[in-house]
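Notebook open, new structure on the desk. I want to look up how the strands sit together, then check a couple of odd backbone angles.

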Amino acid sequence: PRPIFLTRHGESEDNVRGRIGGDPVLSEAGEKYALKLADFVHKRLKNESAASIWTSTLQRTGITARHIEEFPKVQWRVLDEINAGVCDGMTYEEIKQHMPEEYSARKADKLRYRYPRGESYLDVIQRVEPVIVELERQRSPVVVIAHQAILRSLYAYFMDKPLKEVPHIQVPLHTIIEIQMGVAGMQEKRYKLME
Ligand code: F6P
């Protein structure tokens with residue numbers, strides 16, 4: 001059976017500053033993760049004649065993939081991070097101060113809350129559907145390098161998590177989640193490559 005590997009991009013400069021959205025490059029730690037990820041893929045998939053690397057169209061995922069040389073890369077716009085609309089580029093603290101109603105509305109119902117001129121988790125869950133269909137059709141391993149909200153949605157689908165849990169699933173940086181269909185249903189393994 002073909003495994004699916006899910007990982008967030010390496011830490012970005014906005015992750016360091018606590019800013020959401022944007023199209024930043026990687027921090028020094030994020031660059032280090034890109035090297036470790038390539039090494040992991042090289043070793044873990046060395047006996048695979050075919051595999052593919054799927055990224056979003058945001059540069060932090062392409063940069064994270066760039067040391068992986070042996071497999072083709074595919075960019076998906078539907079893998080781009082949740083659109084935070086008017087809050088794009090802000091920190092959670094800034095949203096709390098300048099838009100307290102938005103902050104508390106999201107806190108009260110993170111699944112359904114839609115950022116003004118942006119998206120909700122429900123929107124994202126719907127948006128990633130074509131990627132899920134394609135992932136299920138694959139006969140060889142896929143490494144998906146994407147973003148927190150996107151990976152929560154993909155993970156929840158494959159691991160059969162209830163909708164209400166999706167916005168709260170732990171998908172830490174610098175960790176690869178391997179999902180595989182096993183005899184007893186879906187199996188997962190996590191590889192924490194660095195802090
Ligand atoms: O902070 C990184 C990030 O990917 C943001 O770009 C995005 O808005 C956020 O995570 C999604 O996580 P949450 O839904 O918990 O705010």
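Before counting anything, I noted the rule for pairing: two strands pair if DSSP finds at least two bridges between them. I also noted that this is a predicted model.

**Entry: a pair to start with.** I looked up strand β1, residues 4–8, and found it joined to β5 by four bridges, with the two strands running antiparallel. For a landmark I picked phenylalanine 5, which stands opposite glutamate 178 in β5.

**Entry: the other partner of β5.** How many bridges does β5 share with β6? I counted eight for this pair, again in the antiparallel sense, with β6 covering residues 185–192. Here threonine 175 faces lysine 192 in β6. I then checked the connection: β5 and β6 make a hairpin, and two residues lie between them.

**Entry: a parallel pair.** Next I went to β2, residues 52–55, which pairs with β3 in the parallel sense through three bridges. The landmark I wrote down is threonine 55, opposite glutamine 75 in β3.

**Entry: the whole sheet.** In what order do the strands lie? I read it off as β3-β2-β4-β1-β5-β6, six strands in an open sheet with mixed pairing. The edges are β3 (73–75) and β6; each has a single partner strand, so one side of each is left without a neighbour in the sheet. From one strand to the next, the twist averages 20°. A general reminder to myself: in a regular strand the side chains alternate between the two faces of the sheet.

**Entry: odd phi angles.** Why did I bother with positive values? Because most residues other than glycine have a negative phi.

My first find was arginine 117, a residue other than glycine whose phi is positive, near 60°. I located arginine 117 in the loop between α5 (100–108) and α6 (121–127).

My second find was histidine 174, also not a glycine, with a positive phi of about 60°. Histidine 174 sits in the loop between α8 (148–159) and β5 (175–182).

**Entry: buried or exposed?** I asked this of both residues, with the cut-offs at 20 or more other C-beta atoms within 10 Å for buried and 12 or fewer for exposed. Arginine 117 has 11 such neighbours within 10 Å, so I wrote it down as exposed. Histidine 174 has 20 other C-beta atoms within 10 Å, so histidine 174 goes down as buried.

Terms used. Residues numbered from 1 in each chain as written. Predicted model: local features only at pLDDT ≥ 70, side-chain atom pairs only at ≥ 80, totals over all residues. Axes fitted to C-alpha atoms, helices over the stretch in contact; angles between N-to-C directions.
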